[in-house]
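Visitor: I would like to go through this model with you and hear the reasoning behind each label. Could you show it to me?

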Amino acid sequence: MSLIEQIIARAKSNKQRIVLPEAEEERTLIAADKVLEQDIADLILIGNPQKVAALAKEKGLTHLDKATLIDPENCEKSEEYAQLLAELRKKKGMTIEQARELVKNPLYLGCMIIKTEGADGQISGALSTTGDTLRPALQIIKTAPGITCVSGAMLMITETPQYGENGVMVFADVAVTPMPDANQLGQIAVCTAQTARSVAGFADPRVAMCSFSTKGSAKHEVVDKVVEATKIAKELDPTLKIDGELQADAALVPSVGAKKAPGSEIAGKANVLVFPNLEVGNISYKLVQRLGNAVALGPILQGIARPVNDLSRGCSVEDIVNLVAITACQAMDAKKL
C-alpha cells in the first residue's frame with residue numbers, strides 16, 4: 001500500500017468534517033464528488049447553490065447530495081458568526097458591520113464554522129492565494145497551544161528505501177516562515193514531528209536539525225541558532241527524539257553519523273529533516289524531487305490550532321482529494337492536543 005493509500009485509509013477510519021470554501025470551482029467540485037464517493041470525509045461545501053447545482057449537472061457529479069452545502073450570502077448562522085468575529089477582532093478595531101461583510105467571504109465563513117466546532121479542517125487555494133487562505137485562519141482559529149508560527153512540511157517519497165521510513169522523509173519548513181529565530185525553529189521541529197506521526201504515519205519520528213556543521217565542526221551564529229532551537233524543541237516536547245546540529249549526511253547515513261556524531265540516537269537514522277530557514281528547505285526539497293525523482297506531497301501547513309491547508313492554483317483533482325485526506329489525518333491529531 002502506497003503512502004497516500006495509507007493516508008486515505010486512515011482518513012476513512014475516522015471521518016472528519018472538512019470545509020471546501022471554493023465549491024463553485026470546477027476541480028474542487030469534482031474532487032468533492034470523489035471524496036464523497038470514496039467515503040474519505042464528510043464535506044461542507046460553500047458556494048452559491050444554483051451555481052454548484054449547474055456545475056454538478058454539467059459534470060455528471062452524482063454524490064454531492066451527501067455534502068452539506070452552505071450559501072455564503074444566505075447562511076442562517078451569519079449573524080452569530082459576525083458577532084463572534086467582531087468580538088475576536090475588536091482589539092484590532094473591527095466593527096460589527098465589517099464582520100457581517102467578512103462572514104460572507106467563503107474563506108472566513110469556513111474558519112468561523114471550524115471555530116464554532118461545526119467542522120474540523122479547511123482546504124482552499126485552487127482560486128485563492130496563500131495569504132488569503134492563511135489570513136482568516138490566523139485571525140479566527142489561531143495557532144496551536146505553545147506555537148506562535150506557522151510552517152509548511154513536505155512529505156518526500158524517495159526511491160532510496162535505506163533512508164527515512166522505507167524512503168519516506170518529512171522536510172520543513174518549505175513554505176511559510178523565511179527566517180525563523182531559534183524559538184520559531186524549535187516550534188517547527190515539534191510541529192513537523194506531529195505531522196510525521198499524524199500524516200506520514202511514523203510511529204517513531206526522529207528529527208535532525210540540519211546545518212552545515214555537525215556537533216561543533218564549524219562555528220557561526222547560524223549554527224548557534226540551530227543548537228539553541230534543538231534545546232527549545234526538547235523543552236517544548238521532552239518526549240521528542242531530536243538532535244542537532246547535524247549535516248545532512250550525518251543525519252541520514254549510518255556510517256557517517258557514527259563518525260561525525262558518535263552516541264547520537266538520531267544521526268544516521270533521521271526520518272524528519274528540519275532546515276535552518278525557508279530558503280534552504282525550499283531548495284532542498286525541490287532538488288530531491290527533481291534530481292532524485294522523488295514524489296513531493298504538500299506543503300502541509302502546520303502550527304494552526306485546526307488544520308487549514310493551501311492548494312496550488314495549478315492543482316489537479318487528485319491533489320485536492322489527497323489534501324482532503326491529509327487534512328483529515330491532521331484533524332484527528334489536533335483533537336488530541
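Visitor: Why is Glu25 called buried or exposed, whichever applies?

Guide: Happy to start there, and please keep in mind that this is a predicted model. Glu25 has a relative accessibility of 8%, and buried means under 20%, so Glu25 counts as buried. You will find Glu25 in the loop between strand S1 (17–20) and helix H2 (26–38).

Visitor: What makes the pair Glu25 and Arg27 a polar contact?

Guide: The side chains of Glu25 and Arg27 are joined at 2.6 Å, and the cut-off is a pair of N or O atoms within 3.5 Å. Leaving out residues up to four places away in sequence, Glu25 also touches Leu55, Ala126 and Leu127.

Visitor: Which label does Leu291 get, and why?

Guide: Leu291 has a relative accessible area of 73%. Exposed means over 50%, and therefore Leu291 is exposed. Leu291 belongs to helix H12 (residues 278–291). Together with Ile283 and Leu287, Leu291 forms a nonpolar patch on the surface, and the three share about 330 Å² of accessible area.

Visitor: What makes Asp120 and Arg17 a salt bridge?

Guide: Their closest N and O atoms are 3.0 Å apart, while the definition asks for a side-chain nitrogen of Lys or Arg within 4 Å of a carboxyl oxygen of Asp or Glu. This pair links distant parts of the chain, 103 residues apart: Asp120 sits in the loop between helix H6 (106–115) and strand S4 (121–124), and Arg17 in strand S1. Asp120, at 4% relative accessibility, counts as buried, whereas Arg17, at 31%, is partly exposed. The structure holds 16 salt bridges.

Visitor: How do you know that Arg206 and Glu165 form a salt bridge?

Guide: By the same kind of check: the closest N and O atoms of Arg206 and Glu165 are 2.8 Å apart, and the limit is 4 Å. Here, too, distant parts of the chain are linked, with Arg206 in strand S7 and Glu165 in the loop between S5 and S6, 41 residues apart. Salt bridges that share partners join Glu165, Asp204, Arg206 and Lys241 into one network.

Visitor: Why do Arg206 and Glu165 get the labels they do?

Guide: Arg206 has a relative accessible area of 14%, and the limit for buried is under 20%, so Arg206 is buried. Glu165 has 29%, a value between the limits of 20% and 50%, so Glu165 is partly exposed.

Visitor: What makes the backbone at Lys142 and Lys215 worth pointing out?

Guide: Most residues other than glycine have a negative phi. Lys142 is not a glycine, yet its phi is positive, about 70 degrees. Lys215 is not a glycine either, and has a positive phi of about 50 degrees. Lys142 lies in the loop between helix H7 (130–141) and strand S5 (151–157), and Lys215 in the loop between strand S7 (206–210) and helix H9 (221–236). Lys142 is partly exposed at 33%, and Lys215 counts as partly exposed at 42%.

Visitor: Where should I look for cis peptide bonds?

Guide: Most peptide bonds are trans. A cis bond joins Ala172 and Asp173, with omega about -15 degrees, and the bond from Gly298 to Pro299 is cis with omega near 5 degrees. Asp173 lies in the loop between strand S6 (168–172) and helix H8 (182–198), while Pro299 lies in strand S10 (residues 295–302).

Conventions. Residues numbered from 1 in each chain as written. Predicted model: local features only at pLDDT ≥ 70, side-chain atom pairs only at ≥ 80, totals over all residues. Heavy atoms only, no water. Helix = DSSP H or I, 4+ residues; strand = E, 2+ residues; numbered from the N terminus. Buried < 20%, exposed > 50% of the residue type's maximum accessible area, 1.4 Å probe, protein only. Polar contact = N/O pair within 3.5 Å; in protein donor to acceptor, adjacent residues only side chain to side chain. Contact = heavy atoms within 4.5 Å. Patch = residues over 30% accessible without salt bridge, like charges linked within 9 Å, V, L, I, M, F, W, Y side chains within 5 Å. Areas by Shrake-Rupley, 256 points an atom, 1.4 Å probe, with all protein chains shown as cover.
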